[in-house]
Amino acid sequence: MAGAELIGKEELAEIVELFSQEKVNLYRYGGGNYKTREFEEKFAGWMGVRYAHAVSSGTAAIHCALAGAGVGPGDEVITTAWTFIAPIEAISALGAVPVPVEIDETYHLDPLAVQQAITEKTKAVVVVPMWAAPKMKELQDICTRRGIILIEDAAQALGASYDGRKLGTLGSVGAFSFDAGKTLHTGEGGVIVTNDREIYLRAAEFSDHGHMHLEGLPRGKDPRRAKGLNLRMSEVTAAIGLAQLAKIDTILSAAKENKKRIKDAIRHLPNITLRPFADEGGSQGDTLIFSVRDRAAALEFEAHLGRNGFGTKILPEALDWHYAGVWGHLLNAYDRYRDRDLEALWPKTGELLRRSICLNIPVLMDEGTTEQLIASIISAAEAMG
Ligand SMILES: Cc1ncc(COP(=O)(O)O)c(C=O)c1O
């Protein structure tokens, strides 16, 4: 799983360095060490943005990004019906209304569906790039034309790009996660990136109980202009992040190379459909996704891989955590969804997801394992008939 595979002595060295200070301080705003600040500066530099603000998780990052962009009670936020549940949770935690819409053949927000979902209450569109870019030009045009904020929950797409620009930097603000399945791994953790000073400041305030962090004022005297929570990143997490960030180019290029090799070996198979891309060159190596004939074939495919010692990732086995059509526990809070057949709202998304397979592509993959995985995919496809 990307960065998690490479956790080792470099991460430990950063932690040891943190503990070697005369006065060890593991609390972000307690003064002293500021590994978190160093991590933010380096992350912003790698992304090519003015501001990065590190927080406690990817869920916290999208929560802060939305709050920083001014999303609040009653605002409608359009997002995709295929996403990990976190952005929908964050929208709902802010009192805003999540408006999931259908995906298109690239497994991303369908620009037409976005257009149709816009009302006078629409405040933001949250794109969720899944290891590659959505149709960003179309989505940017719609948002600009209608005066809507474009936000990227790029938790799954660190290092992917669109038209040469890194995902996370194409909207007003982007969010990333450093959990165990992501490109960089820090235990828990996340970050927002933006070029907009006001969004940055408001997101940072939201992550720290509303503290405005005014220079020259002691923390206890900090004023507030909006409410917040404690979503801060700790110094230990940031220390791990610094070592992980130093490995990012290796992680991205190795996974991309491994994915290309596997894809090239299976693209001839007549009964699997590799997904089309808005910008294939900018896609990441983390995950390979394709569709098969129907749900039964997808489950059989998964079982066949399992018998060969390989698992799937997200689809088909964790569909329930990635598809709005089964999230009555969250969406029933809203009049527009209560007592509705949620599945019937996003039929195209549900149909495509149910017959799709995602495979994790490791960074460290030896020759033999790569060959075995390719052979397993081919035999699973042949067994499907
Ligand atoms: C799109 C998206 N947003 C947010 C998150 C949440 O990240 P975390 O697990 O760090 O809270 C995830 C995690 O998988 C995700 O895929």
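Ala, Val, Leu, Ile, Met, Phe, Trp, Tyr, Cys and Pro count as nonpolar, Asp, Glu, Lys and Arg as charged, and the others, Gly among them, as polar. The structure in these exercises is a predicted model.

**Exercise 1. Describe the second largest pocket: its volume, its lining and the classes of its residues.**

Solution.
Step 1. The volume of the second largest pocket is about 290 Å³.
Step 2. Its lining holds 15 residues, and Ala 67, Val 71, Leu 94, Phe 206 and Lys 227 are the closest to the centre.
Step 3. Two elements give two or more residues to this lining, helix 3 (58-68) and helix 7. Helix 7 has the largest share, with three residues.
Step 4. Sorted by class, the lining has eight nonpolar, four polar and three charged residues.

**Exercise 2. Describe the largest pocket in the same order of steps, and find which helix gives the most to its lining.**

Solution.
Step 1. The largest pocket holds about 580 Å³ of space.
Step 2. It is lined by 21 residues; nearest its centre lie Tyr 29, Met 212, His 213, Leu 214 and Glu 215.
Step 3. The helix that gives the most to this lining is helix 7 (residues 197-206), with five residues.
Step 4. The classes of the lining are nine nonpolar, four polar and eight charged.

**Exercise 3. Work out how helix 3 and helix 7 are placed against each other, and name the residues that meet.**

Solution.
Step 1. The axes of helix 3 and helix 7 come within 8 Å, and the crossing angle is roughly 125°.
Step 2. Angles from 65 to 115 degrees count as roughly perpendicular and those over 145 as roughly antiparallel. The angle of roughly 125° fits neither range, so helix 3 and helix 7 are oblique to each other.
Step 3. The crossing of helix 3 past helix 7 is right-handed.
Step 4. On the side of helix 3, the contact uses His 63, Cys 64, Ala 67 and Gly 68. On the side of helix 7, it uses Ile 199, Arg 202, Ala 203 and Phe 206.
Step 5. These contact residues divide into five nonpolar, two polar and one charged.

**Exercise 4. Helix 8 packs against helix 1 and helix 2; describe each contact.**

Solution.
Step 1. Begin with helix 1 (residues 9-19) and helix 8 (residues 235-245), whose axes come within 8 Å and cross at roughly 140°. Helix 1 and helix 8 are therefore oblique to each other, and the crossing is right-handed.
Step 2. Helix 1 brings Glu 10, Glu 11, Glu 14, Ile 15 and Leu 18 to this contact. Among the residues of helix 8 that take part are Glu 235, Val 236, Ala 239 and Ile 240. By class, the contact has seven nonpolar, one polar and four charged residues.
Step 3. Turn to helix 2 (residues 35-47), which packs on helix 8 at an angle of about 35°, with the axes 8 Å apart. Here the crossing is left-handed.
Step 4. Lys 35, Thr 36, Glu 38, Phe 39, Lys 42 and Phe 43 of helix 2 meet residues of helix 8 that include Glu 235, Ala 239 and Leu 242. The contact divides into six nonpolar, two polar and four charged residues.

**Exercise 5. Locate the cis peptide bond and the positive phi of Trp 131.**

Solution.
Step 1. The cis peptide bond lies between Leu 315 and Pro 316, with omega about 0°. Pro 316 is in the loop between helix 10 (295-307) and helix 11 (328-331).
Step 2. Trp 131, a residue other than glycine, has a positive phi near 65°. Trp 131 sits in the loop between strand 4 (122-127) and helix 6 (136-146).

Terms used
Residues are numbered from 1 along each chain as its sequence is written. This is a predicted model: local features need pLDDT of at least 70, side-chain atom pairs count only at pLDDT 80 or more; totals for chains, interfaces and linings use all residues. Side-chain values use heavy atoms; hydrogens and water are left out. On a 1 Å grid over the protein atoms alone, a cavity is a set of points where a 1.4 Å probe fits but cannot get out, and a pocket is an open set with protein on both sides within 12 Å along at least five of seven lines; lining residues have an atom within 4 Å of a point. Grid points are joined across faces, edges and corners, and a volume is the space filled by probe spheres set on the points. Helices (H or I, at least four residues) and strands (E, at least two) are DSSP runs, numbered from the N terminus. Axes are lines fitted to C-alpha atoms, for helices over the stretch in contact, and angles run from 0 to 180 degrees between N-to-C directions. Angles under 35 degrees count as roughly parallel, over 145 as roughly antiparallel, 65 to 115 as roughly perpendicular and the rest as oblique. A crossing is left-handed if the near helix is turned anticlockwise from the far one by less than a right angle, and right-handed if clockwise. Contact means heavy atoms within 4.5 Å.
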